[in-house]
Amino acid sequence: MADRTRRRGPGLRGRITLLATALVAVASAVLLWLGWTLAGEMAASVPSLPEGGTIIVNGAPVEVGRLAEALRDDVRDRVLTAGSIAFVSVVLATALLAWTITGRVLQPLRDVTATAQRLSVESLGERIAHRGPRDEVAELAETFDAMLDRLQAAFAGQRHFVANASHELRTPLSVIRAELDVTLADPNADAAELRRMAEVVRAATLRAGQLVEALLVLARADGQGLAVAEPVDLATAVGSAWRAVAGDAQARHISASFVGDSAPTVGDPALLERVAGNLLENAVRHNVDGGWIEVRVERGPGTSCLQVRSSGAQVDPDRVGELFEPFRRGGVDRTAQSGTGLGLSIVRAVVLAHHGQVSADAVPGGGLSVTVRLPQ
């Protein structure tokens with residue numbers, strides 16, 4: 001910081017003031033020189049008088065033959081004296097006005113700097129709130145305020161995400177610790193009790209592992225560039241993802257229909273298969289027994305589309321957008337017992353990483369429809 005301060009030259013206000021003053025000084029000097037020259041030429045154009053005798057010029061006797069020269073010198077002296085006074089006055093006035101006006105014009109910039117220096121995670125609520133003419137400085141202040149709005153929203157979302165992730169991870173760890181403490185406190189625990197404890201610990205460990213894996217996928221896709229870009233057929237990804245959940249769907253008597261043959265795109269095959277897998281897993285997990293699932297894969301002009309519709313619980317149309325937030329499950333919050341609550345968050349992150357679009361709509365009568373569009 002000390003080195004940066006030492007290297008810093010005159011501020012913007014000082015540079016503008018010096019530039020304006022220098023320009024006015026040069027212009028005034030040129031005008032003074034022109035006036036001095038023209039005055040001398042005009043005085044020299046006085047008609048010649050006969051030799052002999054003297055006349056009084058400015059209180060001093062002058063020979064008649066030197067009248068023109070005397071008048072020229074007198075006029076030039078007067079112009080130089082008056083012009084010098086005017087020159088100094090104009091330069092000083094220009095410097096003062098430039099310093100004052102630039103100070104008022106650059107005040108929003110100082111406000112931006114002062115606000116940025118005061119900012120911290122705890123004080124992101126401060127804003128410049130510039131009030132003045134609609135000029136470039138006002139646009140800069142508004143842009144800075146908009147950037148602070150985005151930063152504040154990002155930090156708030158990060159805090160919320162970390163809090164939810166900590167809660168989700170703490171739950172299975174608390175179950176594991178409680179089971180271990182209870183079992184170890186019982187000196188007469190038999191094999192059946194130990195097996196029951198092991199099953200509970202295994203289930204909690206699996207849940208924690210699923211959450212960690214989902215968090216890693218979300219971190220990989222959210223805001224990151226694609227490490228792999230290969231031709232991918234969405235229909236193939238859907239077929240592979242369906243094989244993983246078909247058993248659960250059959251066990252709950254959920255019927256599934258598939259429409260479409262091929263929908264090519266370019267991207268990370270593993271991430272795109274995770275998109276299809278998350279949509280189908282959600283369609284099965286949040287469905288009702290004996291429900292239905294419709295999967296449509298289409299190839300359009302320049303885009304490929306994957307749509308997964310399913311029956312299920314009633315979803316408030318006004319809250320459909322919240323389902324893409326982390327730790328939201330089927331219209332309820334993170335207190336639900338199934339899933340990680342990151343399925344649609346991962347879908348959105350992956351689709352955005354592939355420069356695509358994703359949207360969701362509530363199905364009349366209950367259920368959800370999610371549509372993914374990816375460039376070909």
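A residue counts as buried when its relative accessible area is under 20%, and Ser 310, at 7%, is therefore buried. The model is a predicted one, and this briefing follows its largest nonpolar core, which holds 40 residues, together with an open sheet of five strands and the helices H8 and H9, of which H8 lies across E6, E7 and E9 while H9 packs on the sheet.

**The nonpolar cores**

- Within the largest nonpolar core, which has 40 residues, Leu 279 and Leu 306 are the members that touch the most others.
- Two or more residues of this core come from each of helix H7 (234–251), helix H8 (269–285), strand E6 (292–299), strand E7 (303–310), helix H9 (343–353) and strand E9 (368–375), and the greatest contribution, nine residues, is that of H7.
- Once neighbours within four places in sequence are set aside, the contacts of Leu 306 include Leu 234 and Val 238, Ala 276 and Leu 279, Val 295 and Val 297, and also Val 370 and Val 372; Arg 296 and Thr 371 are in contact with Leu 306 as well.
- Another core, of five residues, lies apart from the largest one, and among its members are Val 112, Ala 141, Phe 144 and Leu 148.
- As general background, nonpolar side chains in soluble globular proteins tend to be buried together.

**The sheet and the helices on it**

- The five strands of the open sheet follow the order E4-E6-E7-E9-E8, and their pairing is mixed.
- Because strand E4 (255–259) and strand E8 (357–362) stand at the edges with a single partner strand each, one side of each has no neighbour in the sheet.
- From one strand to the next, the twist averages 10°.
- The pairing of E6 with E7 is antiparallel and runs over seven bridges, and Arg 296 has Gln 307 of E7 as its bridge partner.
- Helix H8 lies across E6, E7 and E9, with a direction at about 20° to that of E7, whereas H9, which also packs on the sheet, touches E8 and E9 and makes about 20° with the direction of E9.

**The packing of H8 against H9**

- The two helices pack at an angle of about 150° with their axes 9 Å apart, and since an angle over 145 degrees counts as roughly antiparallel, H8 and H9 are therefore roughly antiparallel to each other.
- Their crossing is left-handed, and the contact is made by residues that include Leu 271, Leu 272, Val 275, Asn 278 and Leu 279 of H8, and Gly 343, Leu 344, Ile 346, Val 347 and Val 350 of H9.
- Asn 278, which lies in helix H8, is buried with a relative accessible area of 6%, and, leaving aside neighbours within four places in sequence, Asn 278 is in contact with Gly 343, Ile 346 and Val 347.

**Two further buried residues**

- Ser 310 belongs to strand E7, and, with residues up to four places away in sequence not counted, Ser 310 touches Ala 283, Asn 287, Trp 292, Ile 293, Val 363, Gly 366, Gly 367 and Leu 368.
- Trp 242 has its place in helix H7 and counts as buried at 16% relative accessibility.
- With residues up to four places away in sequence again left out, Trp 242 touches Ala 249, Ala 256, Phe 258, Leu 280, Val 284 and Ile 293.
- The C-alpha atom of Trp 242 is separated by 9.9 Å from that of Leu 279, a residue 37 residues apart from Trp 242 along the chain.

Note on methods. Residues numbered from 1 in each chain as written. Predicted model: local features only at pLDDT ≥ 70, side-chain atom pairs only at ≥ 80, totals over all residues. Heavy atoms only, no water. Core = buried A, V, L, I, M, F, W, Y, C linked by side-chain atoms within 4.5 Å. Buried < 20%, exposed > 50% of the residue type's maximum accessible area, 1.4 Å probe, protein only. Helix = DSSP H or I, 4+ residues; strand = E, 2+ residues; numbered from the N terminus. Contact = heavy atoms within 4.5 Å. Pairing = 2+ DSSP bridges. Axes fitted to C-alpha atoms, helices over the stretch in contact; angles between N-to-C directions. Parallel < 35°, antiparallel > 145°, perpendicular 65-115°, else oblique. Left-handed = near helix turned anticlockwise from the far one by under 90°.
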